[in-house]
Amino acid sequence: MRTTVGALLGSVALLAITTTASAQTALTIATVNNGDMIRMQGLTSDFTAKNPGITVKWVTLEENVLRQRVTTDIATKGGQFDVLTIGTYEVPIWAKQKWLVPLDKLGADYDVDDLLPKIRAAVSANGKLYAAPFYGESSMVMYRTDLFAKAGLNMPEKPTWDFVIDAAKKLTDKTAEVYGICLRGKAGWGENMAFLTAMANSFGARLFDEKWQPQFSGPEWKKTLVTYVDLMKAAGPPGASSNGFNENLALFNAGKCAMWIDATVAASFVTNPKESKVADKVGFALAPNTGLGKNANWLWAWSLAIPAGSKKVEAAEKFIGWATSKSYTDLVAAKEGWANVPPGTRTSLYRNADYLKAAPFAKLTLASIDSADPNNPAVKPVPYVGIQYAAIPEFQGIGTAVGQQFSAALSGSTSVDAALSAAQSATEREMKRAGYLK
């Protein structure tokens, strides 16, 4: 009899262990290696404490690698990831392909109506949210107020490219390793092409005309690329063709850039004394223009999404609801200060007096986001949606190939004319292959 009871108790214990093990859900999350995402990883214990049945594994990748891995995985239904970090480019394309789970179960207190209208629209399709924005951004000028004052220069709130170019040359002191301007040069459709396409918009250029004919052979793109290459040669840091967002952030924080035109999300890092040597010497202005009615600013949101066919949808929804909620913002504020909360996603943040006081860049960030118009990105009419990209599946490959040509022009391994000619030819071939052109 004792043996039977012992066996029974052992079976119960084994069942309890098995049940506990089966109740555990392990989420694998693919994300980008930038500061806000790394900060989120550091706060994951808050999520797991509130959701004891869920564990989290992070796969953190450089931006170009992340895009390649995530795109390959979702297109092949590889199932490597339960939560994807994707951008405004992918959401409408992947939603149309039915590759994403609609996010309509993020919790009763999620308040989807609080999302900034332009950001919400960018991660929605047919009125449904298919990705939840972790942070939103445009782009703007970040500059050294001390260097400007020393040179007797005053940064306008709405600078022109002529002003920026002149100031960059005056502020360059190569013997002291201080460069007038730092700009993206690393090849990639989300790296140098994000900056250059936004810049080209301000010069009156466009990616395609209304009949989907590529426009890299036009005078507007030539003026854009000549201006960019000449400016970087005169006032940029050495090795600029290898510099993306993270590399330029490091240069600016080390005091080596008088100006940096890049994502508004960088503002909290360049003003953080724990990370930046020049934190108390940074000013902000809108991205430059040429007087044609378009600034060189973009619209983007790094967002969290769930691949269709996932077997862990409920747990993934809980994670996304936590990471993109108002309560997560409060958590970051409590741990890191209001200036370091993820920006650019919620209307309520820009009505928060504590945030506005702590973040001198807040109003300009919102103004930059509000002025970005993905439906009308260029001076001339275009057939596509998107500012620093065209929201068509083919653009990822096109942008990467063109970005390689433009990076080569910056490094001096090819000429501007040759880079533009190669970009035009490669894009025409791809658009013909895809059926846009005859």
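Where does E177 lie? E177 lies in the loop between α8 and α9, and it appears in the first view below. All views are taken from a predicted model.

**View 1. E177 and K256, two loop residues joined through their side chains.** E177 belongs to the loop between α8 and α9. Its phi is near 60°, a positive value in a residue other than glycine. Most residues other than glycine have a negative phi. E177 counts as partly exposed, at 43% relative accessibility. K256 is placed in the loop between α11 (245-253) and β8 (259-263). K256 also counts as partly exposed, with a relative accessibility of 26%. The side chains of K256 and E177 are joined by a polar contact of 3.1 Å. When residues up to four places away in sequence are not counted, K256 touches E177, V178, Y179 and L251. For scale, the C-alpha atoms of K256 and P117 are separated by 36 Å, and these residues are 139 apart along the chain.

**View 2. W212, a residue with positive phi in the loop between α9 and α10.** The phi of W212 is near 70°, and W212 is a residue other than glycine. W212 is placed in the loop between α9 and α10. Buried means under 20% relative accessible area. W212 counts as buried because its relative accessibility is 17%.

**View 3. T197 of helix α9 and its surroundings.** T197 lies in helix α9. Is T197 buried or exposed? At 1% relative accessibility, T197 counts as buried. Leaving aside neighbours within four places in sequence, T197 is in contact with L207, W221, I387, Q388 and Y389. One of these, W221, is itself among the buried residues of α10.

**View 4. Helix α10 and the helices over its buried residues.** Helix α10 covers residues 219-235, which makes 17 residues. From its first C-alpha to its last, α10 reaches 24 Å, close to the 24 Å expected at 1.5 Å a residue. Which residues of α10 are buried? They are W221, T224, L225, T227, Y228, V229, L231, M232 and A235. An α-helix has 3.6 residues a turn, so residues three or four places apart point the same way. The cover over the buried residues of α10 includes α8 (161-171), α9 (192-202), α17 (395-411) and α18 (416-433).

**View 5. Helix α13, a mostly covered helix.** Helix α13 runs over residues 313-323. Of its eleven residues, eight are buried. The buried residues of α13 are A315, A316, E317, F319, I320, G321, W322 and A323.

**View 6. The packing of helices α2 and α14.** Two packed helices are described by the angle between their axes and the distance between the axes. For α2 (residues 35-42) and α14 (residues 326-336), the angle is about 90° and the axes are 12 Å apart. The two helices, α2 and α14, are therefore roughly perpendicular to each other. On the α2 side, the contact is made by D36, R39 and M40. On the α14 side, Y328, V332 and E336 take part. The residues of the contact of α2 with α14 divide into three nonpolar, no polar and three charged.

**View 7. D111 and its polar contact with K326.** D111 is found in the loop between α5 (90-96) and α6 (117-122). D111 is partly exposed, with a relative accessible area of 32%. Its contacts, leaving aside neighbours within four places in sequence, are K326 and R346. The side chain of D111 makes a polar contact with the side chain of K326, at 2.8 Å. D111 and T60 are 51 residues apart along the chain, and their C-alpha atoms are separated by 28 Å.

**View 8. T71 of helix α4 and the backbone oxygen of R67.** T71 is found in helix α4 (residues 63-75). With a relative accessible area of 19%, T71 is buried, since the cut-off for a buried residue is under 20%. What lies 2.7 Å from a polar atom of the side chain of T71? The backbone oxygen of R67 lies at that distance. Not counting residues up to four places away in sequence, T71 touches W94 and Q396.

Key. Residues numbered from 1 in each chain as written. Predicted model: local features only at pLDDT ≥ 70, side-chain atom pairs only at ≥ 80, totals over all residues. Heavy atoms only, no water. Axes fitted to C-alpha atoms, helices over the stretch in contact; angles between N-to-C directions. Helix = DSSP H or I, 4+ residues; strand = E, 2+ residues; numbered from the N terminus. Parallel < 35°, antiparallel > 145°, perpendicular 65-115°, else oblique. Contact = heavy atoms within 4.5 Å. Nonpolar A, V, L, I, M, F, W, Y, C, P; charged D, E, K, R; others polar. Buried < 20%, exposed > 50% of the residue type's maximum accessible area, 1.4 Å probe, protein only. Polar contact = N/O pair within 3.5 Å; in protein donor to acceptor, adjacent residues only side chain to side chain. Expected span 1.5 Å × (residues − 1).
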